[in-house]
Amino acid sequence: MFLAVPAFLPAAEQPEQSDATKSAVETSARQTSHTAHAEHGIPQKAQALGHQEGFVTNSMLVTWLVALGLILFARIATRQMQDIPSGAQNFWEWLVEGLYDFLEGIIGHDLVKKTFWFFATIFILILFTNWSGLVPGFGTVGWGVQGEHGFEVTRPLLRGGNADLNMTAAMALLFFFFWTIWALQANGVKGFFLHLFGPKGESTGALKLLLIVIFFLVGFLEVFSILFRPVSLSFRLFGNIFAGENMLEAMSNLVPGLGWLLPVPFYFMELLVGLVQALVFMLLTAVFTMLICMHEEGHEKAHH
């Protein structure tokens with residue numbers, strides 16, 4: 001009995017040790033997760049306001065504020081139109097006319113009249129949403145915890161609107177919807193499928209049959225390319241803006257005491273990146289639209 005009792009004691013104590021071990025492991029995991037969150041910058045997912053789960057996120061709030069600001073500015077600038085513009089009206093007319101002339105030189109006079117409202121809106125919204133993320137207070141004001149080095153923000157009140165994949169994907173899918181409408185209006189249902197699967201060029205005999213088979217197979221590749229365009233558009237914009245915000249945060253926390261100075265050069269670079277990304281998104285959507293409507297415009301010009 002004396003020899004058997006020590007063998008049963010560890011088994012009786014094992015559940016308490018296991019519970020203590022599990023508790024220590026969970027505490028360590030939470031601390032590691034919190035440290036990793038603090039070291040690796042902003043999370044990829046936009047965070048809800050006020051509570052852990054919610055419909056309205058910090059990126060959504062920024063998008064609404066930027067859109068509201070643009071609407072109010074446009075209303076103020078065009079409230080009292082003058083023949084010789086000045087001030088806000090002069091800036092707004094310069095921006096709109098410059099975009100119109102720029103797009104007209106790329107996609108043509110007829111197509112720009114139909115689609116300019118969309119491309120100009122996309123460019124202006126993306127541009128000012130990108131630049132709004134550089135305003136002081138983004139990512140540094142919100143809810144958090146008291147850490148070793150002071151108050152640490154874990155859920156910021158404001159976050160770049162295009163640093164959320166939901167926003168960029170929504171704009172890309174909206175373009176895909178209008179692209180389909182413009183393509184059907186320009187070519188019709190039959191012309192739309194002929195544009196994708198029909199043979200290009202003029203040929204006769206066996207060569208024509210061969211080209212029909214080849215272009216029919218190429219049409220499937222074109223369909224996959226078209227379906228992939230919203231993905232590439234959304235991830236390109238999201239990736240650049242999200243990476244820029246993480247870089248600015250990393251520079252702010254790189255050297256204690258110099259968080260106000262180190263990000264300054266990168267702010268100027270992000271101003272350029274915000275402009276370039278807005279321009280790239282607008283140009284790609286405009287070119288995609290032109291490619292599907294090119295046949296119709298070329299036919300009209302030849303007819304005239």
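Seven helices and two strands make up this protein, and keep in mind that you're looking at a predicted model. Walk along the sequence and the order reads α-α-α-α-β-β-α-α-α. Of the 304 residues, 33% count as buried. As for how the chain folds back on itself, take the contacts between residues at least 6 apart in sequence: 65% of them join residues at least 24 apart.

Let's start with helix α2, which runs over residues 58-77. Its geometry checks out: with 20 residues at 1.5 Å each, α2 should span 28 Å, and its end C-alpha atoms sit 29 Å apart, so the two agree. A good part of α2 is tucked away from the surface, with N58, S59, L61, V62, T63, V66, L70, A74 and A77 all listed as buried.

Pick out L61 from that set and see what lies around it. Setting aside residues up to four places away in sequence, L61 touches L49, L157 and L158. The neighbourhood also brings in R159: its C-alpha atom is 8.4 Å from that of L61, although the two residues are 98 apart along the chain.

Now zoom out to the interior. The largest nonpolar core holds 50 residues, and L99 and F119 have the most contacts inside it. Several helices feed this core: α2, α3 (87-107), α4 (109-132), α5 (165-197), α6 (205-254) and α7 (264-303) each give two or more residues. For a closer look, go to L99 and ignore its neighbours within four places in sequence. What's left in contact with L99 is F116, A120, F123, I124 and M282.

Finally, turn to the outside. The accessible surface of the protein comes to about 19,100 Å², and 69% of that belongs to carbon and sulfur atoms. One spot to find on your display is a nonpolar surface patch formed by L254, V255, L258, W260, L261, V264, F268 and L271, which together have about 760 Å² of accessible area. Helix α7 gives the most to the patch, with three residues. V255 belongs to the patch too, but its place is in the loop between α6 and α7. Is V255 buried, partly exposed or exposed? Its relative accessibility is 32%, so V255 counts as partly exposed, given that the category lies between the under 20% of buried residues and the over 50% of exposed ones.

How values were computed:
Residues are numbered from 1 along each chain as its sequence is written. This is a predicted model: local features need pLDDT of at least 70, side-chain atom pairs count only at pLDDT 80 or more; totals for chains, interfaces and linings use all residues. Side-chain values use heavy atoms; hydrogens and water are left out. Helices (H or I, at least four residues) and strands (E, at least two) are DSSP runs, numbered from the N terminus. Contact means heavy atoms within 4.5 Å. A nonpolar core is a set of buried Ala, Val, Leu, Ile, Met, Phe, Trp, Tyr and Cys residues joined through side-chain atoms within 4.5 Å. Buried means under 20% relative accessible area, exposed over 50%, partly exposed in between (1.4 Å probe, protein chains only). Patches are made of residues with over 30% relative accessible area and no salt bridge: like charges are joined within 9 Å, nonpolar side chains (Val, Leu, Ile, Met, Phe, Trp, Tyr) within 5 Å. Accessible areas come from the Shrake-Rupley method with a 1.4 Å probe; for residues, only the protein chains shown count as cover. A salt bridge is a side-chain nitrogen of Lys or Arg within 4 Å of a carboxyl oxygen of Asp or Glu. The expected span of a helix is 1.5 Å times one less than its number of residues.
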